[in-house]
Amino acid sequence: MNDLSKVTNQLEYLFLKRLARGLKEEKIDIPRAKALAKEFLQIEPFSSVEDAKSKIDSFTRNDSYFVALNEYIEAYYSEQQKNTLIEKMRQHIKQGNIDQALEVAKN
């Protein structure tokens with residue numbers, strides 16, 4: 001399973017978990033739950049992690065009850081960016097380019 005599939009599955013899981021909790025706690029009624037489910041389905045599929053981040057940000061702006069989805073994708077995106085940076089640094093270090101590796105870290 002690739003990163004995008006993992007992210008998509010986790011976002012779907014978090015959405016459904018939150019939706020079920022809202023119904024159980026009577027914070028969301030059935031008509032609103034249906035509308036939210038349709039809205040969530042419309043933002044899928046995600047073409048990339050960046051696309052998921054953007055779409056989830058818009059979705060959660062409309063309904064703050066689902067802010068956990070935004071928190072998840074923000075954390076995932078941030079970690080992905082750190083991993084990319086570290087991999088670039090690793091490549092420079094392996095080639096003996098310590099100064100370039102440190103420059104990557106600064107930027």
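Trainee: Why is Phe 59 called buried?

Mentor: This is a predicted model, and in it Phe 59 has a relative accessible area of 2%. Buried means under 20%, so Phe 59 counts as buried. Phe 59 sits in helix α3.

Trainee: Which residues does Phe 59 touch, not counting residues up to four places away in sequence?

Mentor: Phe 59 touches Phe 15, Leu 36, Glu 39, Phe 40, Ile 43 and Phe 66. With the same kind of neighbours left aside, Phe 15 is in contact with Leu 36, Ala 37, Phe 40, Phe 59, Phe 66 and Leu 69.

Trainee: What makes up the largest nonpolar core, and which residues have the most contacts inside it?

Mentor: That core has 20 residues, and those with the most contacts inside it are Leu 11, Phe 15, Phe 40, Ile 56, Phe 66 and Leu 69. Helices α1 (3–24), α2 (30–43), α3 and α4 each supply at least two residues of this core. The largest share, five residues, comes from α1. In soluble globular proteins, nonpolar side chains tend to be buried together.

Trainee: Why is Asp 51 called buried, although an aspartate carries a carboxyl group?

Mentor: The label rests on area: Asp 51 has 17% relative accessibility, and the cut-off for buried is under 20%, so Asp 51 counts as buried. Asp 51 lies in helix α3 (residues 49–62). Beyond residues up to four places away in sequence, Asp 51 touches Pro 45 and Phe 46.

Trainee: What makes Glu 74 and Lys 53 a salt bridge?

Mentor: Their closest N and O atoms are 3.4 Å apart. The limit is within 4 Å, so the pair qualifies as a salt bridge. Glu 74 lies in helix α4 and Lys 53 in helix α3, so the pair ties together parts that are 21 residues apart in sequence. Glu 74 is partly exposed at 33% relative accessibility, and Lys 53 is partly exposed at 23%.

Trainee: How do you know that Arg 61 is exposed, and what is the label for Asp 57, with which Arg 61 forms a salt bridge?

Mentor: Arg 61 has a relative accessible area of 60%, and exposed means over 50%, so Arg 61 is exposed. Asp 57 has 26% relative accessibility and counts as partly exposed. The closest N and O atoms of the two are 2.5 Å apart. Being four residues apart in helix α3, Arg 61 and Asp 57 are separated by about one helical turn.

Trainee: How many salt bridges does the structure hold?

Mentor: The structure holds seven salt bridges. One of them joins Glu 87 with Arg 90, with the closest N and O atoms 2.9 Å apart. Glu 87 and Arg 90 are three residues apart in helix α4, so about one helical turn separates them. Salt bridges that share partners also join Arg 21, Glu 25 and Lys 27 into one network.

Trainee: Why is Ile 93 called partly exposed?

Mentor: Its relative accessible area is 46%. Partly exposed lies between the cut-offs of 20% and 50%, so Ile 93 is partly exposed. Ile 93 is in helix α4 (residues 67–94). Together with Ile 98 and Leu 102, Ile 93 forms a nonpolar patch on the surface, with about 280 Å² of accessible area.

Trainee: What is the radius of gyration of the chain, set against a compact globule of 107 residues?

Mentor: The chain has 18 Å, whereas such a globule would have a radius of gyration near 13 Å. The C-alpha atoms fill a box of roughly 60 × 25 × 20 Å along the principal axes. The chain has five helices and zero strands.

Methods. Residues numbered from 1 in each chain as written. Predicted model: local features only at pLDDT ≥ 70, side-chain atom pairs only at ≥ 80, totals over all residues. Heavy atoms only, no water. Patch = residues over 30% accessible without salt bridge, like charges linked within 9 Å, V, L, I, M, F, W, Y side chains within 5 Å. Areas by Shrake-Rupley, 256 points an atom, 1.4 Å probe, with all protein chains shown as cover. Salt bridge = Lys/Arg side-chain N within 4 Å of Asp/Glu carboxyl O. Buried < 20%, exposed > 50% of the residue type's maximum accessible area, 1.4 Å probe, protein only. Contact = heavy atoms within 4.5 Å. Core = buried A, V, L, I, M, F, W, Y, C linked by side-chain atoms within 4.5 Å. Rg over C-alpha atoms; globule rule 2.2 N^0.38 Å.
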